[in-house]
Amino acid sequence: MNTLISFLGKQVNGYRETRYQLNGQEFVTKFMGANLAKNIQTQKLLLIGTAGSMWDVFFEEHGGDDELVIQLIDDVKSNQVSEDLLQKLTPKLQEQLGCEVRCIVIEYARDNIEQIALLHRIANELDQNSTLSLDVTHGFRHLPMLALVAARFLKNSKNIQTNHIYYGAFEMGQGGITPVIDLSGLLTMLDWVDALSAYKQSDNYAAFSPLLHTTYAEFLNHAAFFENINQVHNARSPLTKFQTALQNGEIDNPFISLVQEDLNQRTQWAKGSNQYEHQINLAKRNLDNGDYLQASIRANEAWISKVLGMNNQEQSHYDNRENVSKNPSKHFSDANCQLFEDLKAIRNAMAHGTKATRHGITDILSHEEKLKSKLTQIIQRIEQWKY
């Protein structure tokens with residue numbers, strides 16, 4: 001079901017009659033929500049206001065039983081409008097609009113409790129997997145911000161997709177016509193912000209894939225796949241293709257500019273040949289995010305890559321890596337050799353879910369702060385280490 005949510009406010013002299021224009025069509029009204037419902041042919045109108053909103057003026061404009069309207073006028077004056085009374089007035093309005101109408105009385109959303117209650121109330125009125133449009137023209141000025149939060153909340157809680165956020169921009173009117181602008185791009189911006197946050201937590205390029213054209217999404221998906229299975233060298237090619245498309249302006253999506261600087265920084269490694277630098281940076285980000293297993297794996301592999309790079313040996317060659325791993329004493333001083341073995345023991349214990357047999361490691365794995373401190377020490381040593 002497609003639902004339109006519209007807010008009804010309160011003004012001393014009432015709203016003025018306005019000629020709105022949406023998608024080339026014009027309509028004249030004091031309250032945009034009702035006419036907008038007809039214009040976009042919604043299946044349900046959820047009209048939200050407080051116990052003192054202009055319900056009386058609204059139903060005088062759109063028709064209603066005279067006696068009920070008189071009662072409504074008194075209730076508005078005393079801020080005591082009830083949903084029961086409003087529902088008695090909706091049959092004529094439903095006939096006019098050709099859709100279901102639900103009138104909801106809310107508090108003023110002055111604090112967290114009332115704001116959360118509003119979100120829950122809206123969610124309870126909507127079906128799972130439905131679609132939604134929002135009209136934020138009228139109502140208190142803080143309600144559009146709540147509407148934006150509601151759209152994100154409904155998407156994540158009930159898989160409700162918000163397609164449009166309409167605003168009758170009276171101050172932008174020219175020649176007696178007020179444009180109705182669509183603010184749904186704000187939701188797309190939030191999608192990109194969410195994706196950036198998810199990426200910073202996971203280091204998984206695939207967080208951006210749903211927001212991109214298939215071709216560019218595939219580049220990021222392939223890179224993410226190879227990094228997730230620790231085949232970092234294979235991630236270089238798809239990342240280079242993505243970077244080239246990004247820098248050449250081939251990705252025709254204005255929203256990508258929101259994350260472009262961050263993406264450029266984090267994919268810069270693909271242009272070089274130093275596998276170690278990318279692995280150690282991933283290890284540090286894993287450590288910051290509390291992913292200690294990945295941090296230990298990547299730190300271990302980064303140290304091996306650094307050894308091989310300094311020896312001008314192929315860093316992705318299995319035998320080369322095994323040689324360093326099994327014979328650390330050939331490559332490290334005694335102190336660094338001990339740290340390298342500690343790192344392997346930490347990694348193995350976490351990867352296999354077994355007790356560590358190396359002295360001191362069991363105690364480290366029993367306390368998060370000790371584990372974080374130990375991995376931080378090792379990563380710093382790897383960065384400072386010179387062959």
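How many residues does α9 have, and how far does the helix reach from its first C-alpha to its last? Select residues 232–247 to find α9: the helix has 16 residues and spans 22 Å between its first and last C-alpha atoms, close to the 22 Å expected at 1.5 Å a residue. Keep in mind throughout the tour that this is a predicted model.

**Along α9**

With α9 still selected, centre the view on proline 238, where the helix has a kink of about 25 degrees. Proline 238 is also one of the buried residues of α9, and the others to colour alongside it are Val232, Ala235, Arg236, Leu239, Phe242, Gln243, Ala245 and Leu246. To see what covers these buried residues, show α8 (214–228), α10 and α11 (275–288), which are among the covering elements. Then move past the end of the helix to glycine 249, which follows α9 and has a positive phi, near 70 degrees.

**Where α9 meets α10**

Next, add residues 260–267, which form helix α10. Two packed helices are described by the angle between their axes and the distance between the axes. Here α9 and α10 pack at an angle of about 145 degrees, with their axes 11 Å apart, and α9 passes α10 in a left-handed crossing. Show side chains for Leu239, Phe242, Gln243, Leu246 and Gln247 on the α9 side, and for Gln260, Leu263, Asn264 and Thr267 on the α10 side, since these are the residues that meet. Sorted by class, this contact has four nonpolar, five polar and no charged residues.

Is threonine 267 buried or exposed? Select this residue in helix α10: at 1% relative accessibility, where anything under 20% is taken as buried, threonine 267 counts as buried. Apart from neighbours within four places in sequence, threonine 267 is in contact with Tyr205, Leu239 and Gln243; Leu239 and Gln243 appear again in the list of buried residues of α9.

**On to α11**

Select 275–288 for α11, a helix of 14 residues that reaches 20 Å from first to last C-alpha, close to the 20 Å expected at 1.5 Å a residue. Ten of those 14 residues are buried, so α11 is largely enclosed by the rest of the structure. To display the buried set, pick Gln275, Tyr276, His278, Gln279, Ile280, Leu282, Ala283, Arg285, Asn286 and Leu287. Glycine 290 follows α11, and its phi is positive, near 80 degrees.

**Three stops in loops**

Move now to alanine 51, in the loop between β4 (44–50) and α2 (55–62), which counts as buried at 17% relative accessibility. Leaving out neighbours within four places in sequence, its contacts are Asp75, Val76, Asn79, Gln80, Val81, Val105 and Ile106. Draw a distance from the C-alpha of alanine 51 to that of isoleucine 104, and you will find 9.4 Å between two residues that are 53 apart in sequence.

From there, select alanine 109, in the loop between β5 (100–106) and α5 (112–124). Alanine 109 has a positive phi of about 55 degrees although it is not a glycine, and with a relative accessible area of 2% it is buried.

Finish at asparagine 23, in the loop between β2 (18–22) and β3 (25–29). Asparagine 23 likewise is not a glycine yet has a positive phi, about 50 degrees, and with a relative accessible area of 67% this residue is exposed.

Methods. Residues numbered from 1 in each chain as written. Heavy atoms only, no water. Axes fitted to C-alpha atoms, helices over the stretch in contact; angles between N-to-C directions. Helix = DSSP H or I, 4+ residues; strand = E, 2+ residues; numbered from the N terminus. Left-handed = near helix turned anticlockwise from the far one by under 90°. Contact = heavy atoms within 4.5 Å. Nonpolar A, V, L, I, M, F, W, Y, C, P; charged D, E, K, R; others polar. Expected span 1.5 Å × (residues − 1). Bend = angle between axes of the 7 residues up to and from the residue. Buried < 20%, exposed > 50% of the residue type's maximum accessible area, 1.4 Å probe, protein only.
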